[in-house]
Amino acid sequence: MTQLHVFGEGPSVPAPRSGPELLRAALALAAAGVPVLPLRQGKVPFGNCRACKDGICGGRPNMKAAGLCQCPAPCHAWAAATTDPHVFTSPVWAPVWREAVAVAYHPGGAGLTVVDLDNAAAVAWARETLPVTRTVPTTRGEHWIYRGTMPSSNAVRPGVDIKSLTQYARWLGPGTGRMAVLPAAVRALIVKEDTTPARGEVASSVPTRATWSRQVATGCRHTDSYVRTGLERGLALVRARTESGAGSQAFGVARFLAAKHTACPGPCGLAAIGEEIVAAAVSVGVPETYARRAVANGLETAAERAA
């Protein structure tokens, strides 16, 4: 069995519904290379044992700050996830399974990222914004699962958490749909933005005004007026974010404008359009490195959605 099998591309592992099913599901997931752990009442990990309480053991070696803990108990939440069947069936874990109410898995350990959409509004946003991938219904929303890992982060936007390298996700079944590669649009959600208004001149190599012209857009099917009007409106949105959010706005503008050119034979001068957006973001205090990354991700995301 492989990791893809448990996510529906072959014999899959359904969501366990009773106590005896929990251990069977855990063993099947582990055999497929998906690290799992039990959850107690409240669907949260079991607390640390006395020797690991308050992190005095140093933490699991696979945590962000690698420690010395070799505790055989399921301590340290997601970091206790394992694929070792001997651990699951050990005397230390036996009482844990008797109290468990659910099974969770470590997405990062399985090479995956889960976009946890906590409500209907978040699901609607994902359907509008993110590439289609395998989805799993949850109590209030959906899990969107992508192939690839990234740092975990909560509340990246209203009702949206990213669960990957340092979090767990509840196993609710294999879901439906083909799993897509982790896109730039998801990675961009966790980039920390530090956009304070610039004091004096911005230290940047970006020209004050980059220009788009027909010379760099010989394959664009749009008129100069159409492109320039859309670009100016986008730049105005970025420049209006003088307190915060200019980097995120630059990402959105780049994605929106690039999407308008997906049917053009090309080239459409998207690099020049991107330079103008970067310059606008830098002008209101966005660090140039961040601005370039946000714009590049926006352009890339538009291409991914068109593919």
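Is R140 buried or exposed, and what is its relative accessible area? R140 is exposed, with a relative accessible area of 60%, where exposed means over 50%, buried means under 20%, and partly exposed covers the range in between (1.4 Å probe, protein chains only).

The model is predicted, so local features need pLDDT of at least 70 and side-chain atom pairs count only at pLDDT 80 or more, whereas totals for chains, interfaces and linings use all residues. Residues are numbered from 1 along each chain as its sequence is written, and side-chain values use heavy atoms, with hydrogens and water left out.

**Exercise 1. Describe the salt bridges formed by D118 and by K163, including where the partners sit.**

Step 1. A salt bridge is taken as a side-chain nitrogen of Lys or Arg within 4 Å of a carboxyl oxygen of Asp or Glu, and by this rule the count comes to seven.

Step 2. D118 forms such a bridge with R140, the closest N and O atoms being 2.9 Å apart. The two residues are 22 residues apart, with D118 in the loop between β4 and α5 (120–129) and R140 in the loop between β5 (134–137) and β6 (142–147), so that the pair links distant parts of the chain. Helices (H or I, at least four residues) and strands (E, at least two) are DSSP runs, numbered from the N terminus. D118 counts as partly exposed because its relative accessibility is 29%.

Step 3. K163 meets D116 in a salt bridge of 3.2 Å, N to O. This pair also links distant parts of the chain, since K163 belongs to strand β8 (residues 160–163) and D116 to strand β4 (residues 112–117), 47 residues apart. Both K163 and D116 are buried.

**Exercise 2. Work out which helices the salt bridge between R292 and E275 ties together, and how exposed its partners are.**

Step 1. The side chains of R292 and E275 meet at 2.6 Å, N to O, in a salt bridge. Because R292 lies in helix α10 (residues 288–306) and E275 in helix α9, the pair ties together parts that are 17 residues apart in sequence.

Step 2. R292 is partly exposed at a relative accessible area of 31%, and E275 also counts as partly exposed, at 24%.

Step 3. Salt bridges that share partners join R228, E232 and E276 into one network.

**Exercise 3. Classify the ring pairs in which W97 takes part.**

Step 1. Rings of Phe, Tyr and Trp (its six-membered ring) pair if their centres lie within 6.5 Å, and planes under 30 degrees apart count as stacked, over 60 as edge-to-face and the rest as tilted; the structure holds four aromatic pairs.

Step 2. The rings of F88 and W97 have centres 6.0 Å apart and planes at 80°, so this pair is edge-to-face. For W93 and W97 the centres are 6.3 Å apart and the planes at 45°, so that pair is tilted.

Step 3. Ring pairs therefore link F88, W93 and W97 into a cluster. F88 is buried, as are W93, at 1% relative accessibility, and W97, with a relative accessible area of 8%.

**Exercise 4. Set out the nonpolar core and the surroundings of L117.**

Step 1. A nonpolar core is a set of buried Ala, Val, Leu, Ile, Met, Phe, Trp, Tyr and Cys residues joined through side-chain atoms within 4.5 Å. The largest one has 47 residues, of which V115, L117, L130, Y146, V186, V238 and I277 touch the most other members. Helix α9 (residues 270–283) supplies the largest share of this core, seven residues.

Step 2. Apart from this core lies another, of 25 residues, with V13, Y105, L112 and M179 among them.

Step 3. With neighbours within four places in sequence left aside, the residues in contact with L117 (heavy atoms within 4.5 Å) include W125, T138, E142, W144 and V160.

**Exercise 5. Trace the open sheet and the pairing of β1 with β3.**

Step 1. Four strands form an open sheet in the order β2-β1-β3-β9, with antiparallel pairing, where two strands pair if DSSP finds at least two bridges between them. The edge strands, each pairing on one side only, are β2 (44–45) and β9 (169–170).

Step 2. Strand β1 (residues 36–40) pairs with strand β3 (residues 102–105) in the antiparallel sense over four bridges, and L37 stands opposite A104 in β3.
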